[in-house]
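Here are my notes on the model you sent, set out as numbered points. I have kept to what can be checked against the coordinates.

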Amino acid sequence: MAWIALIIAGVLEVCWASGLKYSEGFTKPVPTIFTLVTMAGSFWLLALAMRTIPLGTAYAIWTGIGAVGAVIFGIVMLGEAANIGRLIAICMILGGIVMLKLFSPS
């Protein structure tokens, strides 16, 4: 259950990072509320996951999901560059996430 919470927390991190972009510095009410709600949910689920998953593993996976998700969101939804360097970086982050999961004690 902790791993599911951690994955959802990571997805919510992508949501709040994207909402942060659309909130334009917290000047737009709807994106601001979306950002704050998804941020709270993300942190709550991360804290829940950390009850059983080691801190370093949970935090690294959470930020990894958020980083990869934000880059993919930027490429797909915002037209950001999808050059070979960025794609290799995404693969490296994903490789690190998989290794942390494989070698995690819980």
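1. Throughout this note, contact means that heavy atoms lie within 4.5 Å of each other. In that sense α1 and α3 meet through W3, L6, I7, A9, G10, V11, E13, V14, W16, S18, K21 and Y22 on the α1 side, while the α3 side contributes T57, A58, I61, W62, T63, I65, G66, G69, A70, F73 and L78. Please keep in mind that this is a predicted model.

2. As to the overall architecture, the protein chain has four helices and zero strands, and from the N terminus on its elements follow the order α-α-α-α. The C-alpha trace spans about 45 × 35 × 15 Å along its principal axes. Of the 106 residues in the protein chain, 31% count as buried. Among the contacts with a separation of 6 or more, 66% are accounted for by residues 24 or more positions apart.

3. How do α1 and α3 lie relative to each other, given that their axes cross at roughly 45°? The axes come within 8 Å, and because a crossing of roughly 45° is neither under 35 degrees, nor over 145, nor between 65 and 115, the two helices are oblique to each other. In handedness, α1 passes α3 in a right-handed crossing.

4. The pairing of α1 with α2 has another geometry, with axes that come within 7 Å and cross at roughly 155°. Angles over 145 degrees count as roughly antiparallel, and α1 and α2 are therefore roughly antiparallel to each other. Here α1 passes α2 in a left-handed crossing.

5. For α3 and helix α4, which covers residues 84–102, the axes come within 10 Å and cross at roughly 155°. That crossing makes α3 roughly antiparallel to α4. The contact is made by T57, A60, I61, G64, I65, A67, V68, V71, I72 and I75 of α3, together with R86, I90, I93, L94, I97, L100 and K101 of α4. The crossing in which α3 passes α4 is left-handed.

6. Turning to the interior, the largest nonpolar core has 15 residues, of which L6, L46, I53, I61 and W62 touch the most other members. The elements that give two or more residues to this core are α1 (2–23), α2 (29–49) and α3 (55–78), and the largest share, six residues, comes from α1. As general background, in soluble globular proteins nonpolar side chains tend to be buried together.

7. Three residues deserve a separate look, and I61 is one that can be followed through several of the points above. Leaving aside neighbours within four places in sequence, I61 is in contact with W3, L6, I97, L100 and K101. I61 is also listed among the α3 residues that meet α1 and among those that make the contact with α4.

8. I53 lies in the loop between α2 and α3, and it is among the core residues that touch the most other members. Is I53 buried or exposed? At 2% relative accessibility I53 counts as buried, because the cut-off for that class is under 20%. I53 and A2 are 51 residues apart in sequence, yet their C-alpha atoms are 7.0 Å apart in space.

9. W16 has its place in helix α1 and is buried, with a relative accessible area of 14%. Not counting residues up to four places away in sequence, W16 touches T35, T38, M39, S42 and W62. Between W16 and L78, which are 62 residues apart in sequence, the C-alpha to C-alpha distance is 15 Å.

10. Finally, how many salt bridges does the model contain? The count comes to two. In one, E24 pairs with K28, the closest N and O atoms being 3.3 Å apart; E24 is partly exposed, with a relative accessible area of 47%, and K28 is also classed as partly exposed, at 37%. In the other, E80 pairs with R86, with the closest N and O atoms 3.5 Å apart; E80 counts as partly exposed at 34% relative accessibility, and R86 counts as partly exposed at 26%. R86 is, in addition, one of the α4 residues that make the contact with α3. In general terms, side chains of opposite charge can pair when their charged atoms come close.

How values were computed
Residues are numbered from 1 along each chain as its sequence is written. This is a predicted model: local features need pLDDT of at least 70, side-chain atom pairs count only at pLDDT 80 or more; totals for chains, interfaces and linings use all residues. Side-chain values use heavy atoms; hydrogens and water are left out. A nonpolar core is a set of buried Ala, Val, Leu, Ile, Met, Phe, Trp, Tyr and Cys residues joined through side-chain atoms within 4.5 Å. Buried means under 20% relative accessible area, exposed over 50%, partly exposed in between (1.4 Å probe, protein chains only). A salt bridge is a side-chain nitrogen of Lys or Arg within 4 Å of a carboxyl oxygen of Asp or Glu. Axes are lines fitted to C-alpha atoms, for helices over the stretch in contact, and angles run from 0 to 180 degrees between N-to-C directions. A crossing is left-handed if the near helix is turned anticlockwise from the far one by less than a right angle, and right-handed if clockwise.
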